[in-house]
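Colleague: I am new to this structure. Please take one helix and walk me through it closely, then show me a little of what lies elsewhere.

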Amino acid sequence: MQATPPIAEPYKRRPVTDTYDVIVIGSGIGSLTAAALLAKEAGNKVLVLERHYTVGGFTHIFHRPGYEWDVGVHYIGDVKRGSVLRAVFDEVTDGKLEWADMGEVYDRVILGDEHFPFPKGRKNLRAMLMQRFPGEEKAIDRYFELVDAALKTSLPFHAAKALPRAIAAVAGPLLRRKFLQYSNRTVREVLEELTSDQKLIAVLTAQHGDYGLAPGEASFMIHAMVANHYFEGGYYPIGGSGRIAETIIPLIQQAGGKVLINADVKEIVIENGRAVGVRMAADDAVLRAPVIISGAGVDVTYNRLLPRPVAERRGLVRKMKPIRASAAHMCLYIGLKESTESLDLPKNNLWIYPNENPERNLAAQRSDPDAPFPVVYVSFPSAKDPDFENRHPGRSTIDVITITPYEWWTKWEGSRWKKRGEDYEAFKEKFAQRLLEELYRHVPQIRGKVDVYELSSPLTTQNFCNYGHGEIYGIEHTPERFRQRFLRAESPVKGLYLTGQDIVTCGVGGALFGGVLSASAVLRRNLIPTILKHARTRREAEKAAARMAAAG
């Protein structure tokens, strides 16, 4: 029996001697999706290069003795059977990635002392809002109408990003026009035309941490996408978020591809105006392929990996100037030596706010590190994953996340991970204790039962994900971001493509569709119809199997 190939191997142990059709920089969900689709739909031999010691980007997990934590996948919406997102996941994992429903209440919003449960199902959410905000019925209904109207414009807008450049130049303005009517306005501008009730606005926008901007700064379009994404509830990958990469990579390998870790790319190699390969940081070796896809983000790709003269000639340096990094964050990873069941930990997330004014709270934090946290998000991954107890019996985990200005951490820039000094550790510990106390207020049964905890800072994100300011969502989702026509799959440099959340939107779903757009752009055909056709065939086969099983 032939041995199953390892999911990834270190670059230094596996010198690259084969030739490849495509080289992909980074192994985030956008990169892996693009690689898997190119392998599956076109038989491309793809080489994926990951600078980290593990694969998956923000979908990876990390371990400490007895525990594991997700670093970026806290919940995903719209993966029920029949959805387009589920069809894409099934396509790139051969249906091997399974999902656990988080239950009837997936988010619980806490404003001061008031709790607002977000139930699964649009009708249920509407009913909760109507009950809690009597007299605001028209505003609430109009809100749902605007979310729907905005979403109807998103398909042509994103389709334009995958079109060949010449076609996009002609058709793009028409495809983008209606979308921009919604994306050009902030969330607060739109909602304050519906209602003057600031508490209602705060509840409707309570998931703004999922896109990292306060309602007064964020584009209404990103809010509409995120809100709609969770209307039908939240889900979590069974087996943990590490299963995402584990189920995608075999498709890449089946076509002769390979995924390498500790494989830091120093530069994209350009010859005669075309991307022809990458230069490796470890040994200066040049690996060649006719197609290069970067999942490293537009800032890293255009400002660091692309040779500066090339980026300047193509106007990319100038175009990047108005682009800003999204929010930086801290995450407190907590392990407890008791089971999720014995501690009665919930599946639903907590969104904790001191009051109903996020803009004021963020401004206060920027000027005073001791100000109340503008938002605290709490996730219970061991409760969401029905397989966690099998892997780590008698243990449970919690993630506690908050926003932090990157400027607080710049004094330690350039220092090495785990060797940043006592003052850095003391600075982190202060925030860790504050986050623990906030957690104890809302989950009091865990006080005195924490076994281990570890705080990641924006420098941790910078170190492992190579984002310059430790940002979690790539570039900001402001109205300005959606006006940038150069944020597309095909770059102005021949042979070079981009993927991931910067060319679509933030989050796992956005980055996943970034991979679909990239593969579609490379192959010069829309892959969505093919993916949906395969999904229908898969469902019909499952129904036939179920009928046969029922018949005995």
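Modeller: Helix α2 and helix α10 are oblique to each other, because their axes cross at roughly 55°. This is a predicted model. Helix α2 covers residues 84-93, and helix α10 covers residues 242-254. Their axes come within 7 Å. In general, two packed helices are described by the angle between their axes and the distance between the axes.

Now the residues at this contact. On the α2 side they are E91, V92 and T93. On the α10 side they are T247, I248 and L251. By type, three of the contact residues are nonpolar, two are polar and one is charged.

How enclosed is α2? Nine of its ten residues are buried, so α2 is largely enclosed by the rest of the structure. The buried residues include L85, R86, A87, V88 and F89. D90 is buried too, and so are E91, V92 and T93, the three that meet α10. After α2 comes D94. The phi of D94 is positive, near 55°.

Elsewhere there is a sheet. Seven strands form it, and it is open. Their order is β9-β8-β17-β18-β19-β16-β20, with mixed pairing. The edge strands are β9 (114-119) and β20 (450-456), and each pairs on one side only. From one strand to the next, the twist averages 15°.

One pair inside this sheet is worth finding. Strand β17 (residues 349-353) and strand β18 (residues 376-379) run antiparallel, joined by three bridges. There, L350 stands opposite V378 in β18.

Conventions
Residues numbered from 1 in each chain as written. Predicted model: local features only at pLDDT ≥ 70, side-chain atom pairs only at ≥ 80, totals over all residues. Heavy atoms only, no water. Axes fitted to C-alpha atoms, helices over the stretch in contact; angles between N-to-C directions. Helix = DSSP H or I, 4+ residues; strand = E, 2+ residues; numbered from the N terminus. Parallel < 35°, antiparallel > 145°, perpendicular 65-115°, else oblique. Contact = heavy atoms within 4.5 Å. Nonpolar A, V, L, I, M, F, W, Y, C, P; charged D, E, K, R; others polar. Pairing = 2+ DSSP bridges. Buried < 20%, exposed > 50% of the residue type's maximum accessible area, 1.4 Å probe, protein only.
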